[in-house]
Amino acid sequence: MAEIQDTQPARVDISKSSSNVPAEGYDKKCIFCRIVNNEMGTELLHCDEEISCFRDIKPGAPHHYLVVPTKHVGNLKRMVDKGKEILEKNNITDLSDVRFGFHWPPFCSVTHLHLHVLAPASQMGFMSRLFYRLNSYWFITADQLIDLLNSKGETN
């Protein structure tokens, strides 16, 4: 992927109140479950009972965060709101130059639901623009997915 400048994200309160013991909603084979459970040494930018956030290991933009449910399932709209909050805390105010989205199966490399938050989208390299391409067969924006779920009567 294109070389991305190293930008340090603002630290966010990590208020995970549970112990480090895996609980319901934990899959020991899932890398994201292991990250959220502090088993991988990954810096958590945010972690609460519902949502956790950390940097993508292969960033497609200077600010590329993964917002995941702390448990193996979660609420899509809250994930988007948390992604916006993380961007604001990192001084990203132009939300028109941000991409929020998901990869469709079978194009997702980790089966734990996760939201890609990329900013600024205008600085994504060629491969990142391909991987996170709008209106593709492999990537759907958060807004498109919310609309799709609403049309089917599923709000979370």
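**Reasoning from values to labels**

Student: Where is Asn91 found in the chain?

Tutor: Asn91 sits in the loop between α2 and β4. Keep in mind that this is a predicted model.

Student: Why is Asn91 called exposed?

Tutor: The label exposed requires a relative accessible area over 50%. Asn91 has 67% relative accessibility, so it counts as exposed.

Student: What is notable about the phi of Asn91?

Tutor: Asn91 is not a glycine, yet its phi is positive, about 60°. Asn38 likewise has a positive phi, near 60°, and is a residue other than glycine. Asn38 belongs to the loop between α1 (31-36) and β1 (46-47).

Student: What makes Asn38 partly exposed?

Tutor: Partly exposed covers the range between the 20% limit for buried and the 50% limit for exposed. Asn38 has 43% relative accessibility and therefore counts as partly exposed.

Student: How many disulfides does the structure hold?

Tutor: Zero. Take Cys30: the nearest cysteine sulfur, that of Cys33, is 3.9 Å away. A disulfide needs two cysteine sulfur atoms within 2.5 Å, and Cys30 is in none.

Student: Is Cys30 buried or exposed, and what of Cys108?

Tutor: Buried means under 20% relative accessible area. Cys30 is at 5%, so it counts as buried. Cys108 has a relative accessible area of 22% and is therefore partly exposed.

Student: What does UniProt place at His114?

Tutor: The feature "active site" is placed there by UniProt, in an unreviewed entry. The annotation may be inferred rather than shown by experiment. In the model, His114 lies in the loop between β4 and β5.

Student: Why is His114 called buried, although it lies in a loop?

Tutor: The label depends on accessible area, with buried set at under 20%. His114 has 10% relative accessibility, so it counts as buried. Leaving aside neighbours within four places in sequence, its contacts include Phe32, Leu66, Met79 and Phe102.

Student: What makes the approach of His114 to His112 a polar contact?

Tutor: The side chain of His114 reaches the backbone oxygen of His112 at 2.8 Å. The limit for such a pair of N or O atoms is 3.5 Å, so the pair qualifies.

Student: Which other residue of that loop deserves a look?

Tutor: Pro106, which also lies in the loop between β4 and β5. The peptide bond from Pro105 to Pro106 is cis, with omega near 5°. Another cis bond runs from Ala119 to Pro120, with omega near -15°, and Pro120 is in the loop between β5 and α3 (126-131).

Student: Which residues have the most contacts inside the largest nonpolar core?

Tutor: Leu87, Phe102 and Leu115, in a core of 22 residues. The elements that each supply at least two of its residues include β3 (63-69), α2 (76-89) and β5 (115-119). The largest share, five residues, comes from α2. Apart from this core lies another, of eleven residues, among them Cys30 and Phe32.

Student: What does Leu87 touch?

Tutor: Not counting residues up to four places away in sequence, its partners include Tyr65, Ile92, Phe100 and Val117.

Student: What share of the chain is buried?

Tutor: Buried residues make up 44% of the 156 residues. In soluble globular proteins, nonpolar side chains tend to be buried together.

Terms used. Residues are numbered from 1 along each chain as its sequence is written. This is a predicted model: local features need pLDDT of at least 70, side-chain atom pairs count only at pLDDT 80 or more; totals for chains, interfaces and linings use all residues. Side-chain values use heavy atoms; hydrogens and water are left out. Buried means under 20% relative accessible area, exposed over 50%, partly exposed in between (1.4 Å probe, protein chains only). A nonpolar core is a set of buried Ala, Val, Leu, Ile, Met, Phe, Trp, Tyr and Cys residues joined through side-chain atoms within 4.5 Å. Helices (H or I, at least four residues) and strands (E, at least two) are DSSP runs, numbered from the N terminus. Contact means heavy atoms within 4.5 Å. A polar contact is a pair of N or O atoms within 3.5 Å; within protein, one must be able to donate a hydrogen and the other to accept it, and residues adjacent in sequence count only if both atoms are side-chain atoms.
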